[in-house]
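Here is a short set of exercises to work through with the model open beside you. Try each task before you read its solution.

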Amino acid sequence: MASFKSLPGFRDFYPEDLAPRTHLFRQWRQSAHAFGFQEYDAPVLESLDLYKAKSGDEIEGQLFNFTDKGEREVTLRPEMTPTVCRMVGAKANALKRPIKWFSIADLFRYERMQKGRGRCFAQFNADIFGEAGPEAEIELISLLIQCLRGMGLQSEDFHVRLSDRNLWFYYLEARGLGDEQVKAMLGAIDKFERLGEDAFEIYTKTHGAMSDDLKSAVLRMLAIKSLADLEAVVAELDNAQLTERLDDWRKVLGGLDAMGLSDFVSVDLGVVRGLAYYTGFVFEAFDRKGDLRALAGGGRYNDLVKKLGGPELPAVGFAIGDMTMELLLRERGLLPDVASRPDVYVVVGGAEERLEAFRDIAALRAVGYRVDYPMKDLGFGKQFKNATESGARIALIYGGDELAKGVVKLRDLSQREEVDVPREQVAEAVRDFLSG
RNA sequence: GCGGCCAUAGCUCAGUUGGUUAGAGCACUAGAUUGUGAUUCUAGGGGUCGCGGGUUCGAAUCCCGUUGGCCGCCCCA
């Protein structure tokens, strides 16, 4: 019995497990390239301080961190954003704007296993740096939608809930709430969907009871479902900041509408996202049915590059996780069979024929065909069985009779028909068959 | 960090009130089959029954602990 296993929360990827993941990565990469994003990567191990600087000391409890042999406090990266901010910050003056970058990376969090959550998972990350206007949001949200549509998901399957922390700040400040009060209220709003009005205890616990007026104002915002609803609420208030902010909303929603993506976007101010480094629009993608975790999340974080030691640099980004994504696609039957299979399976009569076959096998492989053959001398029956099970469409038969005549047999494994092909025309015959 | 359920072959699972050498199907390997593949038949490999302790003449079975898994809570960058 195997005495070594993978560590708790980590997954082995046997070929049948790796295939779906490869499919996700390929689709994501294709979408990102279609949008003009460039791929980057970075070390898996980072300085612990990078994350403490971003998220505070409490974060350490959820990290895979340790002290290395040089007495450095290090950690496996739990997210990509600080890394990309560090990289962009270091070269910000030399990079052409806007900076549109993406990565597909393994991330590590020291947490309890749960459905759609493990200690090592992969994320697709996309970020735009150097563009402060809502055009960056349009580009990123449309990329997010494309990343999910590329998997075969439609607007009936998922939607992107769009919200705005600035709107909440302006709205609550206009009602006399201070900075700390607003943050506490955003914490409550984040929990509102699950807890209902009990969520307001997060606010009342430290800032005292809410007036009926304040509570109904918050509930009014949470009830907003469309740009028209939002415009109506703002119109009543006659507040310059809110009115100005509404223009950004019109740009984002108008741009996405012009791209034909309205059906994928919901206005929903109940999304504010956990840690408070987001500075404007925030958004999350969800399965419309089911009760899976968020498929993706992101938003604007204009202060983070500077906070991590770089220059002032506005930024928007989002991430899609592989585990929830794969659960959803599996549920919907959208994981294609992408097992690696040969184009050609070679059947050989014996030791001499094997050497003859090797010549053609090498030539076919050199021009890119996937070719497999049995390593041991087997009876023809067994070889044909192997050929079928390999998934190859054709078998090439190198028997003594054929080689004596200067031909090989090309067998169509699904039709069970074969033709003789002169040795020197094998490559052409294979090409014609597979392209025909 | 907390709680619920679970643990027998690679997988899915049987295993009687505790009883002698722990089984089946699937999968894998080989043979029947020395030139034609999805059927069939036969054989084989593979288990310290998650691990440790206890009760007992005797434990896969009962008790305790522990590790791991699944699910949920906290958290979710």
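Chain A has 16 helices and 16 strands, and the model is a predicted one.

**Exercise 1. Overall form**

Task: Find what radius of gyration chain A has, and set it beside the value for a compact globule of 436 residues.

Solution. Step one is the reference: a compact globule of 436 residues would come out near 22 Å. Step two is the chain itself, and chain A has 29 Å. Step three looks at the extents, where the C-alpha trace spans about 95 × 55 × 45 Å along the principal axes of chain A.

**Exercise 2. Surface, burial and charge**

Task: Work out what share of the residues in chain A is buried, and how the charged side chains are distributed.

Solution. Start with burial: 49% of the 436 residues in chain A are buried. Next take the accessible surface, which comes to about 21,800 Å² for chain A, with 49% of that area belonging to carbon and sulfur atoms. Then turn to charge: chain A carries 58 positive and 70 negative side chains, and the centres of these two sets lie 3 Å apart. Finally, consider contacts with a separation of 6 or more: residues 24 or more positions apart account for 67% of them in chain A.

**Exercise 3. Classifying aromatic pairs**

Task: Classify the ring pair Phe 158 and Phe 264 as stacked, tilted or edge-to-face, then do likewise for Phe 358 and Tyr 373.

Solution. A search of the whole structure turns up 17 aromatic pairs. For Phe 158 and Phe 264, the ring centres are 5.3 Å apart and the planes stand at 35 degrees, so this pair is tilted. Phe 158 belongs to strand β7 (residues 158-164), while Phe 264 sits in the loop between α10 (240-258) and β8 (265-267), so the pair links distant parts of the chain, 106 residues apart. Both Phe 158 and Phe 264 are buried.

For Phe 358 and Tyr 373, the centres are 5.4 Å apart and the planes are at 70 degrees; planes over 60 degrees apart count as edge-to-face, so that is the class of this pair. Phe 358 is in helix α13 (residues 351-366) and Tyr 373 is in the loop between β13 (371-372) and α14 (380-390), 15 residues apart. Phe 358, at 32% relative accessibility, is partly exposed. Tyr 373, at 17%, falls under the 20% limit and is therefore buried.

One more feature to locate is an aromatic cluster formed by Phe 25, Trp 28, Phe 102, Phe 124, Phe 283 and Phe 318.

**Exercise 4. Three residues and their surroundings**

Task: For Asp 420, Ser 266 and Leu 329, decide whether each is buried, partly exposed or exposed, and list its contacts beyond four places in sequence.

Solution. Asp 420 is in strand β16 (residues 417-422). Its relative accessibility is 39%, which means that Asp 420 counts as partly exposed. Asp 420 touches Lys 405, Val 407, Val 408 and Lys 409. The C-alpha atoms of Asp 420 and Val 407 are 6.0 Å apart, with their positions 13 residues apart along the chain.

Ser 266 lies in strand β8. With 16% relative accessibility, Ser 266 is buried. The contacts of Ser 266 are His 159, Val 160, Arg 161, Leu 162 and Arg 288.

Leu 329 is in helix α12 (residues 322-331). A relative accessible area of 0% makes Leu 329 buried. Leu 329 is in contact with Leu 24, Met 151, Leu 153, Leu 334 and Leu 335.

**Exercise 5. Backbone checks**

Task: Is the peptide bond from Arg 97 to Pro 98 cis or trans, and what is phi at Asp 238 and at Arg 416?

Solution. Begin with omega: it is near -5 degrees for the bond from Arg 97 to Pro 98, and the bond is cis. Pro 98 is placed in the loop between α3 (81-91) and β5 (99-108).

Move on to phi. Asp 238 has a phi near 55 degrees, positive although the residue is not glycine. Asp 238 is in the loop between α9 (227-237) and α10, and at 71% relative accessible area Asp 238 is exposed.

Arg 416 also is not a glycine, and its phi is positive at about 60 degrees. Arg 416 is in the loop between β15 (407-412) and β16. At 66% relative accessibility, Arg 416 is exposed.

Conventions
Residues numbered from 1 in each chain as written. Chains lettered and ligands numbered in written order. Predicted model: local features only at pLDDT ≥ 70, side-chain atom pairs only at ≥ 80, totals over all residues. Heavy atoms only, no water. Helix = DSSP H or I, 4+ residues; strand = E, 2+ residues; numbered from the N terminus. Rg over C-alpha atoms; globule rule 2.2 N^0.38 Å. Buried < 20%, exposed > 50% of the residue type's maximum accessible area, 1.4 Å probe, protein only. Contact = heavy atoms within 4.5 Å. Areas by Shrake-Rupley, 256 points an atom, 1.4 Å probe, with all protein chains shown as cover. Lys, Arg positive; Asp, Glu negative; His and termini not counted. Charge placed at Lys NZ, Arg CZ, Asp CG, Glu CD. Phe/Tyr/Trp six-rings, centres within 6.5 Å; stacked < 30°, edge-to-face > 60°.
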